[in-house]
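Reader: I am new to protein structures. Please pick one part of this model and take me through it closely.

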Amino acid sequence: MKKTLVLFVLAAGLLASASLPGLAQGAGRARDILPAEGLVASSVVGIRDQAALNAHYYLADEAVLGLGRKTDAVLARYRAKAGEALLLVVAYPSPGEAKQVYERFGRDFFSEAFDPSSARVVEMIETGDWAGAVRKGSFLIIVLEAPDRTGCDSLLRRVEEKVPAPNAK
């Protein structure tokens with residue numbers, strides 16, 4: 001009887017948390033759009049907030065990506081011809097929120113050439129690696145580091161192609 005009650009309480013808690021208002025629409029989608037080709041499966045990790053991201057990849061002291069209870073994010077490594085690339089995918093509650101974060105993040109992370117009205121950016125960063133970001137619907141797709149421009153752009157495009165159309169299930 002106790003085991004049944006414990007399982008019931010756990011299941012009820014999971015169902016309740018899955019339907020909380022304000023969570024990213026279709027929470028859990030970030031992991032669903034990771035392309036399989038080149039993915040280092042053991043590297044995939046869910047990211048719940050800035051501290052969790054910084055534990056795997058230090059980006060900033062402040063919460064520049066707005067990660068939290070309303071977002072769904074995943075970090076993963078990909079093998080490329082020239083080395084490894086690091087990918088971060090974040091699902092936001094709305095396209096408007098994704099746009100705001102993209103604009104703020106782009107101004108902080110990329111050079112002065114960053115154009116917030118463009119939904120895509122790829123450029124060489126200070127370390128000599130390539131980085132890029134794409135905003136599509138309520139998703140923000142970021143390659144934090146890649147060994148070359150071609151690999152960076154290719155990974156962005158492969159993930160972008162997997163973003164579901166609005167209202168698709």
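Author: Start with a yardstick: a residue is buried under 20% relative accessible area, exposed over 50%, and partly exposed in between (1.4 Å probe, protein chains only). R158, with a relative accessibility of 22%, is therefore partly exposed. E37 has 60%, so E37 counts as exposed.

Next, some ground rules. This is a predicted model, in which local features need pLDDT of at least 70, side-chain atom pairs count only at pLDDT 80 or more, and totals for chains, interfaces and linings use all residues. Residues are numbered from 1 along each chain as its sequence is written, and side-chain values use heavy atoms, with hydrogens and water left out.

The part to look at is the sheet, with what surrounds it. Helices (H or I, at least four residues) and strands (E, at least two) are DSSP runs, numbered from the N terminus. Two strands pair if DSSP finds at least two bridges between them. The sheet is open and has six strands. Read across it, and the order is β1-β2-β3-β6-β5-β4, with antiparallel pairing. At the edges are β1 (45–47) and β4 (120–124), each paired on one side only. From one strand to the next, the twist averages 20°. Such angles run from 0 to 180 degrees between N-to-C directions, with axes as lines fitted to C-alpha atoms, for helices over the stretch in contact.

What holds strands together? Strands of a sheet pair through backbone hydrogen bonds, either parallel or antiparallel.

Now go pair by pair. β2 (residues 72–80) and β3 (residues 83–91) run antiparallel and are joined by nine bridges. Here V74 faces V89 of β3 across the pairing. A salt bridge means a side-chain nitrogen of Lys or Arg within 4 Å of a carboxyl oxygen of Asp or Glu. R77 and E84 form one, with their closest N and O atoms 3.8 Å apart. E84, at 38% relative accessibility, is partly exposed. R77, at 28%, is partly exposed too.

Move over to β5 (130–136) and β6 (139–146). Six bridges connect this antiparallel pair, and A133 sits opposite I142 in β6. The two strands make a hairpin with two residues between them. G137 in that turn has a positive phi of about 60°.

β4 and β5 come next. Five bridges link them in the antiparallel sense. E123 is opposite A131 in β5. These strands also form a hairpin, with five residues between them. In its turn, G128 has a positive phi of about 95°.

What lies across these strands? Helix α4 (residues 95–109) lies across β4, β5 and β6, at about 160° to β5. The 15 residues of α4 should span 21 Å at 1.5 Å a residue, and its end C-alpha atoms are 20 Å apart, which agrees. That expected span is 1.5 Å times one less than the number of residues. Six α4 residues to find are A98, V101, Y102, E103, F105 and G106, which are buried. Their cover includes β4, β5 and β6. β5 is mostly covered as well, with six of its seven residues buried.

Now look at the packing. A nonpolar core is a set of buried Ala, Val, Leu, Ile, Met, Phe, Trp, Tyr and Cys residues joined through side-chain atoms within 4.5 Å. The largest one has 28 residues, and I47, L53, L59, L65, L88, I142 and L144 touch the most other members. At least two residues each come from α3 (50–56), β2, β3, α4, β5 and β6. α4 gives the most, with four. Contact means heavy atoms within 4.5 Å. Beyond neighbours within four places in sequence, I142 contacts L65, L86, L87, L88, F105, G132 and A133. There is also a second, separate core of 23 residues, including I33, A91, V122 and V159.

Return to the salt bridges to finish. By the rule above there are seven. R158 and E37 meet in one at 3.9 Å, N to O. R158 is in helix α5 (residues 149–162), and E37 is in the loop between α2 (29–32) and β1, 121 residues apart. Within α5, R157 and D153 are four residues apart, about one turn of the helix. Their side chains form a salt bridge at 2.9 Å, N to O. Salt bridges with shared partners join R120, D153, R157 and E160 into one network.
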